[in-house]
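User: I should like to learn how to read the features of a protein model. Could we work through one together, step by step?

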Amino acid sequence: MILKIHRPVAPLKGHIRLSGSKSISNRVLAIRALCHESFDIQGLAEAKDTQLMLNLLTSGEDVLDAGAAGTTFRFLTALLSLREGTQILTGSERMKQRPIGVLVEALRTLGADIEYLENEGFPPLRIGPPRELGRVGELSISAGTSSQYISALLLIAPALPEGLVLHLEGAIVSRPYIEMTLRLMQHFGVEHSWEGQTIRVAAQSYQARPFRVEADWSAASYYYAMAALSPEAELTLEGLFSDSLQGDAVLVEMMRPFGVQTTFSEHAAHLKK
């Protein structure tokens with residue numbers, strides 16, 4: 001069989017509204033849950049994980065089902081360790097096969113009351129009240145572990161009685177996502193220091209303020225590719241910021257050698273070739 005792949009030779013033009021970043025959305029939802037007052041979030045991701053996290057954070061149920069949403073499960077594991085009462089955090093059958101032990105052991109070291117209900121190191125979890133949480137304010141964790149584990153610990157750090165000193169051991173493999181978490185925390189008034197392999201977050205309070213979620217740069221990459229392959233292109237990608245929190249914003253630099261130039265207005269990126 002012979003397949004022929006064609007591309008249009010006409011100029012590529014359009015205005016695209018991108019969905020909000022799931023990574024930013026889930027972190028901002030976690031921060032709002034830790035604020036003393038609520039605030040408005042515009043442009044939340046339409047992803048199922050984000051909508052599920054939004055619903056679970058406002059649920060009054062004692063059993064919370066995160067389904068197959070990995071980020072949601074990991075962030076909720078840390079957030080629920082700060083809540084009074086006892087909750088069961090569970091998920092799909094596939095989720096019950098995904099390890100959570102690194103995060104649980106880290107939280108236990110800090111004093112969290114967490115038990116495995118089925119298999120050791122895996123969901124579901126029973127998470128009790130924070131009677132001892134914060135008895136230890138210093139922790140070491142592998143820098144090669146999931147950035148979501150590290151982010152989950154950092155997000156709750158300012159709510160701990162003594163804050164948190166987090167030592168990252170080994171090579172840091174997901175620095176952009178850790179930096180995203182810390183920059184979002186800083187936006188909501190939480191200061192930190194990062195020297196060498198150690199991140200310090202003192203006990204402090206998040207400050208509520210309205211927030212607009214940036215669009216997803218990973219989704220934008222497909223339109224950049226289309227522009228690069230077109231003889232001429234003029235695209236507007238709504239929702240992207242010049243001072244992005246996302247590592248994938250490096251696309252602006254990567255695509256210049258392909259002839260794609262990017263300029264920004266207040267809430268959009270404009271691509272031209």
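Analyst: We begin with burial: a residue counts as buried when its relative accessible area is under 20%. The model before us is predicted. Helix α3, residues 70-80, is mostly covered, with 11 of its 11 residues buried.

User: Which residues in α3 are buried?

Analyst: Those buried in α3 include G70, F73, R74, F75 and L80.

User: How should I think about the sides of a helix?

Analyst: An α-helix has 3.6 residues a turn, so residues three or four places apart point the same way. With that idea in mind, consider a helix contact. In α3, the residues R74, T77 and A78 meet L103, V104 and L107 of α4. The residues of this contact comprise four nonpolar, one polar and one charged.

User: At what angle do the axes of α3 and α4 cross?

Analyst: The axes of α3 and of helix α4 (residues 101-109) cross at roughly 10° and come within 11 Å. Angles under 35 degrees count as roughly parallel, and therefore α3 is roughly parallel to α4.

User: I turn now to the sheets. In what order do the strands of the sheet with β3 and β4 stand?

Analyst: To read a sheet, one follows the strands from neighbour to neighbour. This open sheet of four strands has the order β3-β4-β6-β5, and its pairing is mixed. At its edges stand β3 (63-65) and β5 (114-116); each has a single partner strand, so one side of each lacks a neighbour in the sheet. From one strand to the next, the twist averages 20°.

User: How many bridges join β4 to β6?

Analyst: Strand β4 (residues 87-90) and strand β6 (residues 125-127) run antiparallel and are joined by three bridges. Within β6, I127 is the residue opposite Q87. Helix α4 also belongs to this picture: α4 lies across β5 and β6 and runs at about 145° to β5.

User: What is the strand order in the sheet that contains β1?

Analyst: The order is β1-β12-β14-β13, again in an open sheet of four strands with mixed pairing. The edge strands, β1 (12-17) and β13 (261-265), each pair on one side only. Neighbouring strands here are turned by 15° against each other on average, direction ignored.

User: Do β1 and β12 run parallel or antiparallel, and which is it for β12 and β14?

Analyst: One compares the directions of the two strands in each pair. Strands β1 and β12 (residues 233-238) run parallel and are joined by six bridges. Two places along this pairing can be located in the model: L12 has A233 as its bridge partner, and G14 stands opposite L235. By contrast, β12 and β14 run antiparallel, with five bridges between them. There, A269 in β14 is the bridge partner of L237.

User: Which helix lies across this sheet's strands β1, β12, β13 and β14?

Analyst: That is helix α7 (residues 217-229), which runs at about 170° to β12.

User: Finally, how should I read a hairpin, and where does a positive phi occur in the hairpin of β9 and β10?

Analyst: One first identifies the paired strands and then examines the residues between them. Strand β9 (residues 193-195) pairs with β10 in the antiparallel sense over three bridges, and S193 stands opposite R200 in β10. Two residues lie between the strands of this hairpin, and G196 takes a positive phi near 60°. Strand β10 (residues 198-201) also pairs with strand β8 (residues 164-169), in the antiparallel sense over four bridges. In that pairing, L164 stands opposite V201.

Notes: Residues numbered from 1 in each chain as written. Predicted model: local features only at pLDDT ≥ 70, side-chain atom pairs only at ≥ 80, totals over all residues. Heavy atoms only, no water. Buried < 20%, exposed > 50% of the residue type's maximum accessible area, 1.4 Å probe, protein only. Pairing = 2+ DSSP bridges. Axes fitted to C-alpha atoms, helices over the stretch in contact; angles between N-to-C directions. Contact = heavy atoms within 4.5 Å. Parallel < 35°, antiparallel > 145°, perpendicular 65-115°, else oblique. Nonpolar A, V, L, I, M, F, W, Y, C, P; charged D, E, K, R; others polar.
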